[in-house]
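Please look over the sequence and the structure below. A short report follows, going from one helix to a metal site and then to the aromatic rings.

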Amino acid sequence: MTSSKTTQLRRIRYGLWFLVTIAALALGGAYFVRMIGVREPPPVAVGEAAIRSEFSLIDHNGNRVTEADFLGRWQLVFFGFTHCPDVCPTTLAYMANVLDRFGEEVERVAPIFITVDPSRDTPEVMAEYVRTFHPKLVGLTGSEAEVAAAAQAFRVYYERMEEEAAPDGYLMAHSGHIYLMTPEGRFEDVFREGDRSAEEMAADILARMNGKQ
Ligand code: NI
């Protein structure tokens, strides 16, 4: 083999490695974007008017409910799924902690947990799950289409992700925001577990409820 041929082969080999590296970086980047998608910034950038409380779902007692059933109360709405290993239990525990700080004013609040995994989260599963967090917490489920429509109205992102180690081999990636909706069902604000203490969040919401903000 001539030395020029060796150089040529080496160039081709380097070229191939270069392509492999670029491909790996691109794939890694796409994966990273997918992962940070779960921690996306608050959806207010989409436009507050775009976020609507609109749904027709089944509550954890098996009754058909819509947003109209919650009008007149401040709604705290969170989307997730009962098999969630981290974000959902942490956020729902945080919501429960906030609710416990409302005192009697808790009657003016409707905390709502909407599943993004309706095939597993039946009303019975939801009933058992919400009970472990707070007696006021309402669990909502429905058909895949009904859940998709509710998530769309709230501008909530979710996506099924295959994960061998997870129960049934999948997880649901989902955005982790708590929506605060007014008694008229209008968007008021979004919160995230961990951004502020439960005391601060409860005080903030109480101030809005009592017209001080
Ligand atoms: Ni979750």
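## Helix α2 and its surroundings

Helix α2 has these buried residues: C88, T91, L92, Y94, M95, A96, V98 and L99. The model is predicted. An α-helix has 3.6 residues a turn, so residues three or four places apart point the same way.

The length of α2 fits expectation. Its 13 residues should span 18 Å at 1.5 Å a residue, and the end C-alpha atoms are 18 Å apart, which agrees.

T91 belongs to helix α2, residues 87-99. Is T91 buried or exposed? Its relative accessible area is 2%; under 20% counts as buried, so T91 is buried. Beyond its neighbours within four places in sequence, T91 is in contact with F78, I178 and E193.

### The nickel site

C88, one of the buried residues of α2, is also a protein donor of the nickel ion. Which atoms does the protein supply to the nickel ion? They are SG of C84, SG of C88 and NE2 of H174. These donors lie 2.0 to 2.2 Å from the ion. Along the chain, their spacing is C-x3-C-x85-H.

Both cysteines fall under the 20% cut-off for buried residues. C84 has a relative accessible area of 8%, so it is buried. C88 is at 0% relative accessibility and therefore counts as buried.

### Aromatic rings

How many aromatic pairs does the structure hold? There are seven. One of them joins F78 and F113: the ring centres are 6.1 Å apart and the planes meet at 15°, so the pair is stacked. This pair links distant parts of the chain. F78 sits in strand β3 (residues 74-80) and F113 in strand β4 (residues 109-115), and the two are 35 residues apart. Both F78 and F113 are buried.

The rings of F78 and F113 also belong to a cluster. Ring pairs link F78, F113, Y129 and F133. F78 ties this part of the picture back to helix α2, through its contact with T91.

### Arginines over a tyrosine

Y170 has R120 over its face. R160 also lies over the face of Y170. The table gives the distances.

| Arginine | Ring | Distance from ring centre |
|---|---|---|
| R120 | Y170 | 4.0 Å |
| R160 | Y170 | 3.9 Å |

### In brief

C88 is a nickel donor and a buried residue of α2. T91, in α2, contacts F78. F78 stacks with F113 and is part of the ring cluster with Y129 and F133.

Technical notes: Residues are numbered from 1 along each chain as its sequence is written. This is a predicted model: local features need pLDDT of at least 70, side-chain atom pairs count only at pLDDT 80 or more; totals for chains, interfaces and linings use all residues. Side-chain values use heavy atoms; hydrogens and water are left out. Donors are N, O and S atoms within 2.8 Å of the metal (3.2 Å for Na, K and Ca); water is not among the atoms, so sites may look incomplete. Buried means under 20% relative accessible area, exposed over 50%, partly exposed in between (1.4 Å probe, protein chains only). Helices (H or I, at least four residues) and strands (E, at least two) are DSSP runs, numbered from the N terminus. Contact means heavy atoms within 4.5 Å. Rings of Phe, Tyr and Trp (its six-membered ring) pair if their centres lie within 6.5 Å; planes under 30 degrees apart count as stacked, over 60 as edge-to-face and the rest as tilted. A charge sits over a ring if NZ of Lys or CZ of Arg is within 6 Å of the ring centre and within 35 degrees of the ring normal. The expected span of a helix is 1.5 Å times one less than its number of residues.
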